[in-house]
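Me: Could you take a close look at the disulfides in this predicted model for me? I would like to know where the cysteines sit and how each link is built.

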Amino acid sequence: MKARLRNEKGVALAVAVFALVVIGGLVGGAFFVGMQEQKVGFNTVKHQQAFSAAQEGAQLQVANWGPGAHSQLSVGDSVAFNGTLSGGAGWYRGTVMRLNDLLYLVRTEGFSPDSVSRHHTGLMVRVRPLEIEIDAALQTQGKLKIGGSAYINGNDVPPSGWSCDPSEPAKPGISIPDADDITTSGCGGLSCVDGDPKIQEDPTINDSTMTTFGDYEFDELATMANKLIYGGNRKIQPSLIGSSCDTSDPNNWGDPENPSAPCANYFPIIYSNGDLTVNGVQGQGVLLVNGNLSVQGNFRFYGPVVVRGTLKTTGTGGHFNGGVIAANVDLEQNTVLGNAVVNYSSCAVAKALINTAPGFLMSERSWINLY
Amino acid sequence: MISHPANPAHSARKGRAASGFTLIELLIGLVLTGLVAGSVYQVLLSNQRVYRVQTERVDLQGNVRAAVAMVPSELLELNAADTVDSDIVTLGDTLVTYKAMRNLFFVCQPPISAGATGTVVLWRNPSYGLRGIDSNRDSILIFAENDPSTRFDDYWVHANVSGTVATGTACPMSAPSLTVTLDNVYPVGSLAGVEEGAPLRSFEVVQLFTYPDLAGAFWMGSRVFGKSGGWGDVQPVLGPIANGGLRFTYFDANGVATTNRSAVARVGIQVIGRTNEPVKSTFGDIRYVVDTLTTHVALRNNTR
């Protein structure tokens, strides 16, 4: 039988307990320091994730800022966006706010994946309008026939109901290399043409000047179009999805005559690759036709129009508010008949160009830490 | 000694005495206890040293990390290449003076321009920043659009906030407003090119530099330039750092070192952090531990 130890004297237990307490304290202290360091590192990673998310959210908005993006916003209004970084590395939300005709603020809050860290940043975007110089109500390189009750007006006419800057000085009614190429009927003494002067002969007009617009060639402008159509006979009028403007409708070119309507601020760049016939009603923006343009049914358009072929208006004709450039090497004959009207309008041109402009970061001080 | 073998009480005392410790036993016990206590003390001492070194190193790393987080976040926002005047006021190896952006407002109506003076009315909402406009230390930058048909004449107008910043409802539809009076508008008359909706940024002039405390330890400090009293009190930013432990280098857009404040495109920052106290190193000697961290900041807002 094993003898049972009865002697409980000595200090071994006390020493062991003391040692355990001491070692426990030291281990606890080291653990605490380690935890603190880990937390600091963890927070640094989270902050960086939030910063990166904010950056990506803001930069994506600018990178995807196509022509006319956000042009439907009124000054002071904003549109929200959000997204998630690939791999779940964070997420962001923000708004694009229109500050004035040319400036926007992209405000983005970035978050770490678990949303414990947040970073708030801003980017200033300035839109860069297309440079389509309108030098006359109607500028053409070839022959021009004016008849019926057509009227070509180089005086600056603001569109009805639009908020516009003061009118600019009148431009020529017609700008053409050789005035002998103009044929009129029922327009004695050029009574159907107004402007300063009514007709300006400009021998410098050539193929290049009619196809080059600022930094862009016609073909480059075409690539910027956000409304691509392939000719045909179309009735152009605003359309809605619910109470919102249906910008996907190829025949919706905005609503220039109803300034408070949902499509009032929609200004597309329309590119027709082929002959186009328009039979009513109204539209706005920049119209580029790679072919002939035939207008009837009292169609009204607001903004610059560039036609590489023949512009022809018949019947109740069309009303162009802005300016028309007909450019074609083999331009046969421009015909303005019926009761067509071509009005120069600096306001319509400016609004169309601004609202179809692509956006770029401001050239300096575009990045803002919003805290 | 007289013996009493017939006395039972005496016999009992004799038995208890036999169960006690001898002097040898006591001595051995004391020595062993001393050895154990000494060992425990050594372990304690060693662990305390390790703990202290750890704490010092954690502080040191935290310091250096803070430097990398804080300094670039301010320098990031600078525009050294501003077409009117650089945001870098002075540059040096051990200090940098710059215009630190403090908030963002938007103009709610075209400013009143009178040459080198003017008044600008701002939306109170939206506005962003850590604080409002402080007329005692802030100046402003306002974006001037000038001719809307071109971006090549755009620039930021520089001006001094000359008077009190008044609150009101002067914005369209009686919205809350801030009215700011300005002088030293530069270029003169340039407020005429500012449109409604233009962004306005206020800034204060800040200097980052190294300074020693009373104990001789060096710190990174900052101070703000006040319009009336000159440089304000030094605020410790982080430290301690080694003597000469804060260095700036400046590079232009081609990556070449420059001393031209308008040509700076990138700033290199080197921070050599130092522990608060000397600690025992792995080699046994007691000294301050230092850690070096170098980072570079590209100035995001430089004119492109």
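Reply: Happy to! A residue counts as buried when its relative accessible area is under 20%, as exposed when it is over 50%, and as partly exposed in between. With 1% relative accessibility, A:Cys263 is therefore buried. Its partner is A:Cys245, and the two sulfur atoms are 2.1 Å apart. A:Cys245 lies in strand β17 of chain A, whereas A:Cys263 is in the loop between β17 and β18, so the disulfide ties together parts 18 residues apart in sequence. A:Cys245 is buried too, at 13%. The torsion about this S-S bond is about 110 degrees, so the link is right-handed.

Over all chains of this predicted model the count is three disulfides. Another one joins A:Cys164 to A:Cys347, with an S to S distance of 1.9 Å. This pair links distant parts of the chain, 183 residues apart: A:Cys164 is in the loop between β7 and β8 of chain A, and A:Cys347 is in helix α4. A:Cys164 is partly exposed at 27%, while A:Cys347 is buried at 8%. The link is left-handed, with -75 degrees about the S-S bond. As for the helix that holds A:Cys347, eight of the ten residues of α4 are buried, and these buried residues pack against several strands of chain A, including β2, β4 and β20.

In chain B, B:Cys108 and B:Cys171 form a disulfide with their sulfur atoms 2.1 Å apart. Here strand β2 of chain B is linked to strand β6, by cysteines 63 residues apart. Both B:Cys108 and B:Cys171 are buried, and a torsion of about -95 degrees makes their disulfide left-handed.

Notes: Residues are numbered from 1 along each chain as its sequence is written. Chains are lettered from A and ligands numbered from 1 in the order in which they are written. This is a predicted model: local features need pLDDT of at least 70, side-chain atom pairs count only at pLDDT 80 or more; totals for chains, interfaces and linings use all residues. Side-chain values use heavy atoms; hydrogens and water are left out. Buried means under 20% relative accessible area, exposed over 50%, partly exposed in between (1.4 Å probe, protein chains only). Helices (H or I, at least four residues) and strands (E, at least two) are DSSP runs, numbered from the N terminus. Contact means heavy atoms within 4.5 Å. A disulfide is a pair of cysteine sulfur atoms within 2.5 Å.
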